[in-house]
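Hi,

Here is the structure I promised to pass on. Have a look at it first, and my notes on what turned up are underneath.

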Amino acid sequence: MRIGGLFVKKRIRVSKGSKSSQNHDIFGGKAQILRVPQSGDVWQFRMWISEEKKYLRKSLQTRDFEAANERAEKLYLETMANVSSGKKLFGLSLQELTDLYIEWRSGDVGQRITSGRLITLKSQMKHILAFKGANLKVGELERNSFYEYGGWRKKTKPSTASVTIRNEQSTINHMMDFAYREGYTHLPQLDFNPINIRREEVGRRDIFKLHEYDELIRFLRGYTSKKSAPDDAERTERLMIRDAILIASNSLCRVGELHQMRWGDVEKIESAFDSEELPVELVTLNIRGETSKTRNSRRIIVRGGQYFERLRERASYTGKDDFVFASVGGNRKYARQKWYSRWNELMTGIGIEDYQERKPTWYFLRHFGITCLIRAGNTYSEIAEMAGTSATYIENHYKHYDDEMLRTAALKSFRVDGSGGIDFTD
């Protein structure tokens, strides 16, 4: 060919073959090895993943057919094993990761965590998905992807406590650690914008004020009356809720411990006299480790034996394996959602002014009982033994009530009588 007076030899293209001539099936056509012009002489692997409706393609990094065939067969078997175990080959979504994490944690219920803790984890997953979106691929996450999570939580719900956000961040990293071990991500941990939590915010526990608790007890009288609940089944259920409230505030039991308590856990009920020589009914309870938040069992003697006696009289089933708080007329555990719907009825009924801000829960009863024992002069160690926690925890979280009592005592008026004695007046 002549170009500008010069003869130039035309380059001859050499075909490397078509796709059809370079494809070889393995395992009866379930996968292929192939060479295409774009890959040169290097063999490629291809396999259809029906679960994800995509082709898996990967270089076998060899030009030798025998070596490529051997590597392809090994890759096929590894891929099938991963698919069978539920692993996503094209990237797990955040929704799928949270589902897998909750499924894994469900296996810890009764061993490492309580059913109540699992409910909390499920709630935390909703915030995680709302922040980043359910369809985000886990493989797209970077160390700083959740850095502004705390600020976002405060912006979307200003009343959220900093301690709550810190706990949620801890859960996120626990989930990422799970994902890293399972091979779903290359990141074992994420970074968060540091949260400054004041000591008093960590320690403070909201409780019922004395007048609020009195109002609740008064309201329960009408709530459980035949006039208010003429239907026998409805009234029986309300009476059970009333006794559950009284037991919770006297025993310091956690909600989950009450929810899972069986009659076999009630060791004995006995009559006694308190420090003022007033008659009381004591009850000995065995709190099983599998129902406790701390996973530690404890044996406690507390007031409120008469409430258990009333429950037993109304119960249809009182065998050692039957639930103390059971469905009316049955032996199934009282539904958890009913615990909370009944509670909301009561809180609405007594009309707590700052209900939306404080959000009183069943746990208020446990906290109320602890502060009552502090007011009565019990030591932190004695209270900790009953509550199933440490004396340090009680001191750190409830010491401000001690301080309030000291301040109240200091503000009391007094006078000196004629003999030099001091009389205090309220």
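One bit of bookkeeping before the cavities: Ala, Val, Leu, Ile, Met, Phe, Trp, Tyr, Cys and Pro count as nonpolar, Asp, Glu, Lys and Arg as charged, and the others, Gly among them, as polar. On that scheme, the lining of the largest cavity comes out as eight nonpolar residues, six polar and one charged. Keep in mind that this is a predicted model.

**Cavities**

There are three cavities of 30 Å³ or more in the structure. The largest has a volume of about 160 Å³. It is lined by 15 residues, and M240, R314, A315, A326 and S327 are the closest to its centre. Two elements, α9 (232-251) and α11 (305-314), each give two or more residues to that lining.

The second largest cavity holds about 40 Å³ of space. Its lining is made up of A248, C253, V255, L258, W339, W362, L365 and R366. Here the elements giving two or more residues are α10 (255-259) and α14 (363-375). By class, you get seven nonpolar residues, no polar ones and one charged.

**A pocket to look at**

The second largest pocket has about 580 Å³ of space. It has 22 lining residues, with N250, R303, L373, A376 and N378 nearest its centre. The elements that put two or more residues into this lining are α9, β8 (279-287), β9 (298-303), α14 and α15 (380-387). Which element gives the most to it? That is α14, with five residues. The lining splits into 13 nonpolar, five polar and four charged residues.

**Two backbone oddities**

Most residues other than glycine have a negative phi. Two residues here go the other way, and both are worth a click in the viewer.

- F27 is not a glycine, yet has a positive phi of about 50°. F27 sits in the loop between β3 (24-26) and β4 (31-34).
- L252, also a residue other than glycine, has a positive phi near 65°. The loop between α9 and α10 is where L252 lies.

Are these two buried or exposed? F27 has a relative accessible area of 35%, so it counts as partly exposed. L252 has a relative accessible area of 0%, so it counts as buried; the cut-off for buried is under 20%.

Cheers

Notes
Residues numbered from 1 in each chain as written. Predicted model: local features only at pLDDT ≥ 70, side-chain atom pairs only at ≥ 80, totals over all residues. Heavy atoms only, no water. 1 Å grid on protein atoms, 1.4 Å probe; cavity = no way out; pocket = protein on both sides within 12 Å on 5 of 7 lines; lining within 4 Å. Points joined across faces, edges and corners; volume = space filled by probe spheres on them. Helix = DSSP H or I, 4+ residues; strand = E, 2+ residues; numbered from the N terminus. Buried < 20%, exposed > 50% of the residue type's maximum accessible area, 1.4 Å probe, protein only.
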